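Dear colleague,

I am handing over the structure below, and after it you will find some notes on what turned up when I went through it. Please read them with the structure open beside you.

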Amino acid sequence: MSPEPRIAWRQSTLRIIRVHPPHGAPYDQHTVRRAPAHDPVRARAVVAGLPTVAAVAEELGPVLRRHTGHPRHVGDLDHVTVGCWGDVVQICDPAFGEDGVLSTNLDDVFDTQVEAHPEARITAVCEMYSAESYGKYLAHVPGQPRLSADGWHDQYVTGDPAQLLRAVGIDPDAPGAEYPGTDQGDPFVGIEYLNLLARGLHSVFSRENLTVSVFRVTRTEDVRDSLAEAWFRD
């Protein structure tokens, strides 16, 4: 019997967040406890519509978002979590994982979300950590060019991060709205930046009470192949 494939990454953050109009105020560690309750019925509709999901095999018990974690075993790669809190939808799926070289899986799912929900602010992150780290960050603001940033050691950015902030009424030079730059002065996009567009919810607060639905799903052969390329190493 051949050994079970080994998860190659030590840690990961894989998340798409949609913020629908009217785009409320950002959450922080205090106000997040007043967020609307999770809607499991809506979550079932969201997971069923994902292009990475062939079918939902089982709905597991709901959990706190802060208790979800990185895939450790092969079976974890078929677990998808969805949180629906009022105007905010969060989707976490190992099928969003990639290394930017052998696998580039996040873009297609992100573009599908934008096509289906053009009125929403949509942000996505894929951070994969092992001996080295890879990151990809995507953002859609209605009426603005798509923003993309990714890389291993250096980051390649397409789009204008400051323009997207201005489009949502944020002064990119105001205190709390700055985002890091490289030594050369080029923009650097990360979780802190995505938080400005996504009501602060790309960060997971230590005492938050946000609940998510957990689904065990089946995959098409193409998605299974993409998962293998992204997650397994000899």
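On helix α1, the face turned away from the buried side carries Val 41, Ala 45 and Ala 48, which are exposed. Please keep in mind throughout that this is a predicted model.

The other side of this helix, which spans residues 40-48, holds the buried residues Ala 43, Val 46 and Val 47. These three cover an arc of only 90 degrees around the axis, and they therefore sit on the same side of α1. As for what they pack against, the buried residues of α1 meet β2 (11-19), β3 (55-64), β4 (79-85), β5 (88-92) and β10 (211-218). At the N-terminal end, α1 is capped by Asp 39, one of whose side-chain oxygens lies 3.1 Å from the backbone nitrogen of Val 41, a residue that also belongs to the exposed face described above.

A second topic is the aromatic rings, where the count comes to two aromatic pairs. In one of them, Trp 9 and Trp 152 are tilted relative to each other, with 6.1 Å from centre to centre and 35 degrees between the planes. This pair links distant parts of the chain, since Trp 9 is in the loop between β1 (6-7) and β2 while Trp 152 is in the loop between β8 (147-151) and β9 (156-158), 143 residues apart. Trp 9 is buried, at a relative accessible area of 7%, whereas Trp 152 is partly exposed, at 32%.

Tyr 134 and Trp 152 form a further tilted pair, with 5.6 Å between the centres and 45 degrees between the planes. Because Tyr 134 lies in strand β7 (residues 133-140) and Trp 152 in the loop between β8 and β9, this pair ties together parts that are 18 residues apart in sequence. Tyr 134 counts as buried, with 3% relative accessibility. Taken together, Trp 9, Tyr 134 and Trp 152 form one aromatic cluster.

Finally, I would point you to Ala 124, which lies in strand β6 (residues 121-129) and is buried, with a relative accessible area of 0%. Leaving aside residues up to four places away in sequence, Ala 124 touches Arg 15, Ile 16, Leu 106, Phe 110, Lys 136, Tyr 137, Leu 138, Leu 194 and His 202. Between Ala 124 and Phe 96, which are 28 residues apart in sequence, the distance from C-alpha to C-alpha is 9.2 Å.

With best regards

How values were computed
Residues are numbered from 1 along each chain as its sequence is written. This is a predicted model: local features need pLDDT of at least 70, side-chain atom pairs count only at pLDDT 80 or more; totals for chains, interfaces and linings use all residues. Side-chain values use heavy atoms; hydrogens and water are left out. Helices (H or I, at least four residues) and strands (E, at least two) are DSSP runs, numbered from the N terminus. Buried means under 20% relative accessible area, exposed over 50%, partly exposed in between (1.4 Å probe, protein chains only). Contact means heavy atoms within 4.5 Å. The arc is that of the directions from the helix axis to the C-beta atoms. A polar contact is a pair of N or O atoms within 3.5 Å; within protein, one must be able to donate a hydrogen and the other to accept it, and residues adjacent in sequence count only if both atoms are side-chain atoms. Rings of Phe, Tyr and Trp (its six-membered ring) pair if their centres lie within 6.5 Å; planes under 30 degrees apart count as stacked, over 60 as edge-to-face and the rest as tilted.
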